[in-house]
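This report treats two topics in turn: the pairing of charged side chains, and the setting of one helix. The sequence and structure are shown first.

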Amino acid sequence: MNKEQNKLILVVEDEEFNRIYFEELLNQINCNVLVANNGIEAVDICQKNDKIDLVLMDIKMPLMDGYEATKKIKKIRPNLPIIAQTAFALLGDKKKSLENGCDDYIAKPVKKDILIQLIRKHLT
């Protein structure tokens with residue numbers, strides 16, 4: 001059994017196409033998926049659900065961006081792995097994501113193999 005099987009992953013993504021893509025991909029590796037459309041929703045879901053094993057956090061979102069949401073989630077659940085994902089893969093983004101509490105970083109368009117590798121790395 002793969003260690004990602006039956007894990008609960010919160011996908012924080014405001015773009016419907018990307019959200020569907022992540023859901024499909026995660027379903028293929030037998031993960032359970034929760035979805036948040038913005039940072040406020042993500043923080044709320046993490047407060048109410050301690051079963052979440054990992055968060056895929058979009059950085060550029062309305063209402064509350066991924067950096068702010070990550071900081072708030074890490075206050076509630078310091079050991080919850082958060083992987084930042086952003087379409088604006090600028091040189092400083094990875095560093096900024098890690099400085100803001102993310103455990104890892106992936107640039108869009110997300111390649112399935114790389115994402116699965118990252119997820120496996122952070123699920124213990």
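A salt bridge is taken here as a side-chain nitrogen of Lys or Arg within 4 Å of a carboxyl oxygen of Asp or Glu. The model under discussion is a predicted one, and by this rule the count comes to 8 salt bridges. As general background, side chains of opposite charge can pair when their charged atoms come close.

**Charged pairs**

The table sets out three of these pairs, with the N to O distance of each.

| Salt bridge | Distance (N to O) |
|---|---|
| Asp44 and Lys48 | 3.1 Å |
| Lys51 and Asp50 | 3.8 Å |
| Lys95 and Glu99 | 2.7 Å |

Asp44 and Lys48 are both residues of helix α2, where they stand 4 residues apart, about one turn of the helix. Asp44 counts as partly exposed because its relative accessibility is 32%. Lys48, at 67% relative accessibility, counts as exposed.

For the pair formed by Lys51 and Asp50, the accessibility is as follows. Lys51 is exposed, with a relative accessible area of 58%. Asp50 likewise counts as exposed, at 58% relative accessibility.

Lys95 and Glu99 belong to helix α4; they are 4 residues apart, so about one helical turn separates them. Lys95 is exposed, and so is Glu99. Elsewhere, Glu13, Asp58 and Lys108 are joined into one network by salt bridges that share partners.

**Helix α3**

Which residues of helix α3 are buried? Helix α3 spans residues 66-76, and its buried residues are Gly66, Tyr67, Ala69, Thr70, Ile73 and Lys74. These residues lie on the same side of α3, because they cover an arc of only 160° around the axis. Buried in this context means under 20% relative accessible area.

Against which elements do the buried residues of α3 pack? Their packing partners are two helices, α2 (39-48) and α4 (93-99), together with two strands, β3 (54-58) and β4 (82-86). Helix α2 is also the element that holds Asp44 and Lys48, while α4 holds Lys95 and Glu99.

A further contact is found at the start of α3, where a side-chain oxygen of Asp65 comes to within 3.1 Å of the backbone nitrogen of Tyr67. Tyr67 is itself one of the buried residues of this helix.

Conventions
Residues numbered from 1 in each chain as written. Predicted model: local features only at pLDDT ≥ 70, side-chain atom pairs only at ≥ 80, totals over all residues. Heavy atoms only, no water. Buried < 20%, exposed > 50% of the residue type's maximum accessible area, 1.4 Å probe, protein only. Arc of directions from axis to C-beta. Contact = heavy atoms within 4.5 Å. Polar contact = N/O pair within 3.5 Å; in protein donor to acceptor, adjacent residues only side chain to side chain.
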